[in-house]
Structures are given as C-alpha cells and as structure tokens.
Amino acid sequence: MSQLWVGRTEIWEDEEKLIATIRQKCNIQAKSVWFCRNRNTNQLEGYGFIDFETPQEAAEVMRLLKDTPIPHSPSNRFKLNWGSARTGADAATNQQASGFSVYVGNLPISIDEDKLLHFFRRYIPNTISARLIYDSDKLSKGYGFVKFNTFQEMNKAIKVIHGSTEFGRPLKVNEAKDNRVNMDSSAEQATNVLFIRDIDPGVVQAETIFQHFRPFGNVLNVRIVPDHPDWATVKMETVSAAEVAKKALQGKKFGGSTSCDIQYGKEFDETPLAPVKEVSVPIIQPHKMSKKAMSKHFDEAGVAKVMEVIKNFAELNRKVPLTNTDFRTTNLLYSRAQTSRGITFDWESYIDVFPSPNDPFFKK
C-alpha cells in the first residue's frame, strides 16, 4: 500500500467526493481516504491521507493532479505530497510522481493557465498542466511552469517553443531546476546522485569536478548538463559517499568565480527521442496513350459501356433500407430490388475489371 498527503480538505464535502474526483480525473480507484478532524469540534483540520494499492498508482495521481485546479473550485489547486506509508516507492516511482517541468518567462499578465496549456499542447499533446505564479493581488507575475510526462517531451518543448512570439513577446523556456533535485515531502532525500548548480560556464570542466569528488569515494560519473552549462551532476558509488562529499564541498567554486550549490539529485533517462524516418512516396506516372488510341477506345460504345459499369456499381453499393422500414412505401426509388431493368451487378461479366492485352490503359 502507498499513501499520499492531501491538503485543503475543507474544499470537499466529504471523503467520497474526493475519491470520485480522483476516479474521474485519473481513472484510478483510491483504496481509502481519511480527513483529519478535531476531536472536540469535529471540524476539518485542513489535511488528510489517501491510500492506494501500489506506489505506482499514488505516483500517477500525484503526477496528474498536483498543483492543478480542483474541478468544482478552480481557484484552488490540489495540494498533494507523499504520506508516511510509501512501501515500494523507488526512484523511478518518485520521478513518475513529479514529472518534468519547464520554466516559462516573459508572459503577458493577461494570459491565463488554460490558454498557456492549450498553446503547449499544440506542440506536445500530452502536456500535463500549466501553472502561473501570482502576486499578493492575484495578478500574474509574467512567468510560470508547464509539466510534461517525460524528459524527452520537456526537451522538445524547449527546442520548439523557446523564443516563440505567440503572445507578442519572445518566450523564455528553460528546464526547471526542480527536475534534478530530489525533493520528497518538502525535504531533501539522500541519494548517490548530486546536483550542482551555479558553476562557472566554460571555466569549470567535468574533470575538475571529478578531482574534487574523488577523495570522498568512487565517482561513477560526472556530467555537465548540455543545455545548462552552469549545471552538473555527479554520481557516487554509495549514498554515504555522496552525503560526505555534499557536506564537505558545499559552496566550493571548483576553480571558477562563483560559489556552487550542491543538492541531492535524481537519475533519469535523458536519451533523446529517435528521429522519425522520412518515407519517400514514389510518384506514379500514368500510362500515356496516343490521341488515336484514346479516340478509338472512347467511342460512343466504349463510353456507354463505362457509364453502365459505373451506374450498376453505384446501385450495388446503395445503402440497403432498414429491416423495419417498408421500402415499397417509404424508400421505393432507392431499393436495390427496384434498380433499373432489374440488373444485378456481376464483376465477372465486365472485362474492364480484368484488363485485357488490347486495353490501351494496360501497360505491357
């Protein structure tokens, strides 16, 4: 079993209402929901817990609903986080719950979240949600975050939408740093992956970082993030080695001019999507025929024969009247039984269906 913490429980009438909302929005059946109430007044305390059969179900609900508008109260958003019971939730499940987000800046204050989400879905149909940041007067600050299912979808959105002037000004679209920080229940969770930011781009190299981390244990990998040269990830062999290195190197400059921030990070698949193979469609050239052959084939008898084939084929494919309809009174003209001269179409009676060597359209 796995559990999620939920806030703002006063928005729902009761636990069943929340269960129904989760089922409707995520197509997942929660095992149980419990709202915390004051023992003396029975008033809601503003939070509760949702239990699911598997960590994957809990992660999927968190991914789809966290920070999205509540259907019956759009001005409020789902407040979700991991609860205490989280048996079997590994790093992959945690990443599934958080998704991948981009920062979107330089937005006009007139744009709303629905319009922003619709715009991103034109390019990435599976975009999960869009969230704008507001000031104390509930006016947009001109930036927000958009969430995706995979790193590859997020990366595609950055490449396609960054710099777009859809809303009058060039948009600034960058990867959100929270994608790489391992935050769980509002607290850092120790992992063997460390995320470093604020390094000096072009000055601090991966080899330099490797040399600084090597005294603290076996370093498996050091990588400068390609699209963010001021970010780097370091993977240690053990969590304990990462903890010691983080504590010792926090604030180091690694040969640059700025102090770096080190946090526990995430490991996920950054393999780019395979390019779509282009398929060339051959151009079929129609068989040429001389004007003499054309005039000979399309004489009066030939044209009449072709028209007869078309006519009978159309009659054969005419829709049959409904079984409970009396075609004699309501559909007389369109009944297959009333076709002109009672002709029944027979494919084999027309040699045009099977081109002969004498047919000018038949290419030998």
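# Notebook: two sheets, ring pairs and one helix

I started with strand β7 and counted four bridges between β7 and β10, two strands that run antiparallel. I note at once that the model is a predicted one, and that every entry below was read from it. Looking for a residue that marks this pairing, I found Tyr103 opposite Asn174 in β10. I then turned to the other neighbour of β7 and found five bridges to β9, again in an antiparallel run. Within that pairing, Val104 has Gly144 of β9 as its bridge partner.

Is β7 enclosed or not? Five of its six residues are buried, so I recorded β7 as largely enclosed by the rest of the structure.

**Entry: the sheet around β7**

I next wrote down the whole sheet, which is open and has four strands in the order β8-β9-β7-β10, with antiparallel pairing. Its edge strands are β8 (129-134) and β10 (172-175), each of which pairs on one side only. From one strand to the next I noted an average twist of 25°. Between β8 and β9, which run antiparallel, I counted five bridges, and there Leu132 has Gly144 in β9 as its bridge partner. Gly144 had already come up as the partner of Val104, and I kept both pairings in the record.

Which helices pack on this sheet? I found that helix α4 (residues 113-121) does, touching β7, β8 and β9, and that its direction makes about 140° with that of β8. Helix α5 (residues 151-161) also packs on the sheet, in this case touching β7, β9 and β10, and its direction makes about 155° with that of β10.

**Entry: aromatic rings**

I described each ring pair in the usual two terms, since a pair of aromatic rings is described by the distance of the centres and the angle of the planes. With pairs accepted when the ring centres lie within 6.5 Å, the count came to twelve aromatic pairs. One of them is the pair of Tyr47 and Phe49, which is edge-to-face, with 6.2 Å centre to centre and 90° between the planes. A second that I looked up is Tyr103 with Phe145, also edge-to-face, at 6.0 Å centre to centre and with 70° between the planes. Tyr103 lies in strand β7 (residues 100-105) and Phe145 in strand β9 (residues 140-148), so this pair ties together parts that are 42 residues apart in sequence.

I then checked the accessibility of these rings' residues. Tyr103 has a relative accessible area of 25% and is therefore partly exposed. Phe145, at 23%, is partly exposed as well. Tyr47, with 31% relative accessibility, also counts as partly exposed. I closed this entry with a cluster in which ring pairs link Phe119, Phe120, Tyr123, Phe148 and Phe167.

**Entry: the sheet with β13 to β16**

I looked up another open sheet of four strands, whose order is β14-β15-β13-β16 and whose pairing is antiparallel. At its edges stand β14 (219-224) and β16 (261-264), each with a single partner strand, so one side of each is left without a neighbour in the sheet. The twist here averages 20° from one strand to the next. Five bridges join β14 to strand β15 (residues 231-236), and these two run antiparallel; in β15, Met236 is the bridge partner of Val219.

Helix α6 (residues 206-213) lies across β13 (193-197), β14, β15 and β16, and I noted that it runs at about 145° to β14. Helix α7 (residues 239-249) packs on the sheet too, touching β13, β15 and β16, with a direction that makes about 160° with that of β16.

**Entry: helix α9**

Helix α9 (residues 300-316) has 17 residues and reaches 24 Å from its first C-alpha to its last, which is close to the 24 Å expected at 1.5 Å a residue. Which residues of α9 are buried? I listed Gly302, Val309 and Asn312. They cover an arc of only 100° around the axis, which puts them on the same side of α9. On the other side of α9, I found Glu300 and Met307 exposed.

**Entry: the chain as a whole**

I ended with the totals, recording ten helices and 16 strands in the chain. Of its 364 residues, 37% are buried. Taking the contacts in the chain between residues at least 6 apart in sequence, I noted that 64% join residues at least 24 apart.

Notes
Residues are numbered from 1 along each chain as its sequence is written. This is a predicted model: local features need pLDDT of at least 70, side-chain atom pairs count only at pLDDT 80 or more; totals for chains, interfaces and linings use all residues. Side-chain values use heavy atoms; hydrogens and water are left out. Rings of Phe, Tyr and Trp (its six-membered ring) pair if their centres lie within 6.5 Å; planes under 30 degrees apart count as stacked, over 60 as edge-to-face and the rest as tilted. Buried means under 20% relative accessible area, exposed over 50%, partly exposed in between (1.4 Å probe, protein chains only). The expected span of a helix is 1.5 Å times one less than its number of residues. The arc is that of the directions from the helix axis to the C-beta atoms. Two strands pair if DSSP finds at least two bridges between them. Axes are lines fitted to C-alpha atoms, for helices over the stretch in contact, and angles run from 0 to 180 degrees between N-to-C directions. Contact means heavy atoms within 4.5 Å.
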